[in-house]
Amino acid sequence: MKIRLLAGPALALALATALLAPLPTTRAFSKTGLSLGQGQRHVRVFDNFADPSANDNLTPAPMFPGFLGVEVAIWKGAVEWGSALHGDGSGDPLGGNQLGSGGASFDAFWAGSATDVGGTGDNIVSALLCGGGGTVAFTEFPPSGGWRMRFCDEWLWDDGPGQPIPGALDIQGVFTHEYGHALGLGHSAVTGATMAAGTGAVAARSIAADDMAGVQCVYGIAAPAKPRITATLADPGAGTLTLHGSGFAPAGNEVWLTSASATAPGADPIVRVTGLASQSGGSVLALVIPPAAGPGDVLVQIPGMGGAALSNAFPTDLVGTLGTPTPRPDLSAVAPTSIEALIPGTAQTITLVGSRLDLATGFLLDGEVIDPARLTLVDPGTVTLDMPQADLGGHALGVTDGTIVDELAVTVVPVPAPRLQWGAGDAFTLVSRAAGLDMLLAGTPGELHVVRGSPVGPPGFPPRFTRPAPPQVLLDAGVYVIPDEGWLAVHLGGLPDPALVGSLWFARSFAVQRPRPFAASNDQSITLVP
């Protein structure tokens, strides 16, 4: 195996490296100075291998759906360099290797089959009669970026996944090594590294610590914020695919899917779905499966460039579930979506509907945790909420599991008629004369409210009572303007004489407006104690 660089004879001579070359004296990875950009992450195969043993693996691999033979062997070699495990990491039965262990901000995309060998920058693997000379495979690099890889067909090739037949070379191991060159790595002097010169055996399927350090040096360590897919859930009846994971953007996500048919070398081999909004705090993406898409890989690109904006590659068969979706609480509806302004302490029930709400670590109003005492879990899909006090306008009601937040909107509107609360709001509330009276009003912002009380019965305006009473027992509790919040809290200290300790007092507020009669609030009552 060697690197073939099509950037001029001198550069090609300087960088071309045979697999069987003497080991360097430095025991570490080396770099060629090349790297693959965001537009060069795809890998395709033109299957012109002559050996039957190159395509005798006819057992489907769950994490590599839709392909067999040499295509699966190449696909496995590409995902080994990925930032995270490919699906559950299975697919290589030898040595307990889990596929996908690069840990860098790099992920290859399996683009399926090509219709031809393509040019030197089309990222296509194929076979070629090389004419002898000991080379088993080589990679070409044009000045414009990309690569082309040729396997020399003079050799006997085996697609695995078990040990190659006697005398055959392992396609997966050789490709894993050669793809390391495509990523920008030269040969390593570390014995046992995939990028060690002369490596092409089964052991090369699993990259070593030195290889990981090399690819991380070229592309950087995978960022914690890098989008990550953990499961794919297809619904063939509905024609939809749902991706579960983390780090998806609120909007502008692009999903890459493998083509259902072979693609021409010069064509874009990626089936793209653009402009997707995420759900459940960036942990879910749902899309309609394009007709051109087939089983293979799926990746998510969020707005931005570079490896940190591209997710890991994850398999999908477009018919079922691969991976395990992380169970998270999901909020689907709030009823009612519009509520009247609340006087603090006045119960108004809102019903939250969704799924797995029993997994919530908290419910939120505008990002603040709601007192759990206000919440009742009816069942895993239903929670009732005694709505906390909120100003007029739009608000966000949300659910969180400590990692993601899922929110829906609710609007608080002015009350249609004046509303009053004396004390705690319960009937016959005991109020200490010495401590004073807490009073709450609600109405239309800017509205003028007059509050009056009487020990005889609910007062009228001007001083009228439900039955005759002397004027001195009327309590004028003040005149107030309702602020923009739609409600007002007032404390009246040192209640005036005659307080009539032990008496039952009634109260109303009146919105001063034309024409009369003034709109009256609900009735309130308290019992004064010393």
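In which strand is Gln-421 found? In this predicted model, Gln-421 belongs to strand E26, which covers residues 419-422. Because its relative accessibility is 6%, and buried residues are those under 20%, Gln-421 counts as buried. Its C-alpha atom is separated by 8.8 Å from that of Ala-507, although the two residues are 86 residues apart along the chain.

Strand E26 also contributes to a salt bridge, since Arg-419 lies in this strand whereas its partner, Glu-340, lies in strand E18 (residues 338-340). The side chains of Glu-340 and Arg-419 meet at 2.6 Å, taken from N to O. The pair therefore ties together parts that are 79 residues apart in sequence. With a relative accessibility of 26%, Glu-340 counts as partly exposed, in line with a range for that class that runs between the 20% limit for buried and the 50% limit for exposed residues.

A search of the whole structure finds ten salt bridges, and further examples may be described one by one. Arg-148 forms a salt bridge with Glu-140, and the closest N and O atoms of this pair are 2.8 Å apart. Arg-148 is buried, with a relative accessible area of 13%, and Glu-140 likewise counts as buried, at 5% relative accessibility. Another salt bridge joins Asp-401 to Arg-328, where the closest N and O atoms are 2.7 Å apart. Asp-401 is located in the loop between strand E24 (393-400) and strand E25 (405-413), while Arg-328 is located in the loop between strand E16 (321-323) and strand E17 (330-335), so that this pair ties together parts 73 residues apart in sequence. Both Asp-401 and Arg-328 are buried. In addition, Asp-92, Asp-170 and Arg-205 are linked to one another in a network of salt bridges.

Turning to the nonpolar interior, the largest nonpolar core has 64 residues, and those with the most contacts inside it are Ile-74, Phe-151, Tyr-179 and Val-255. Helix H2, made up of residues 69-79, gives the most to this core, with seven residues. A second core, separate from this one, consists of 22 residues and includes Leu-357, Leu-365, Val-383 and Val-412. The surroundings of Phe-151 illustrate the contacts in detail: when residues up to four places away in sequence are not counted, Phe-151 touches a set of residues including Phe-49, Ile-74, Val-125, Leu-128, Val-136, Trp-157, Ile-171, Val-174 and Phe-175. Ser-126, Ala-127 and Ala-137 are also among the residues that Phe-151 touches.

Terms used. Residues numbered from 1 in each chain as written. Predicted model: local features only at pLDDT ≥ 70, side-chain atom pairs only at ≥ 80, totals over all residues. Heavy atoms only, no water. Helix = DSSP H or I, 4+ residues; strand = E, 2+ residues; numbered from the N terminus. Buried < 20%, exposed > 50% of the residue type's maximum accessible area, 1.4 Å probe, protein only. Core = buried A, V, L, I, M, F, W, Y, C linked by side-chain atoms within 4.5 Å. Contact = heavy atoms within 4.5 Å. Salt bridge = Lys/Arg side-chain N within 4 Å of Asp/Glu carboxyl O.
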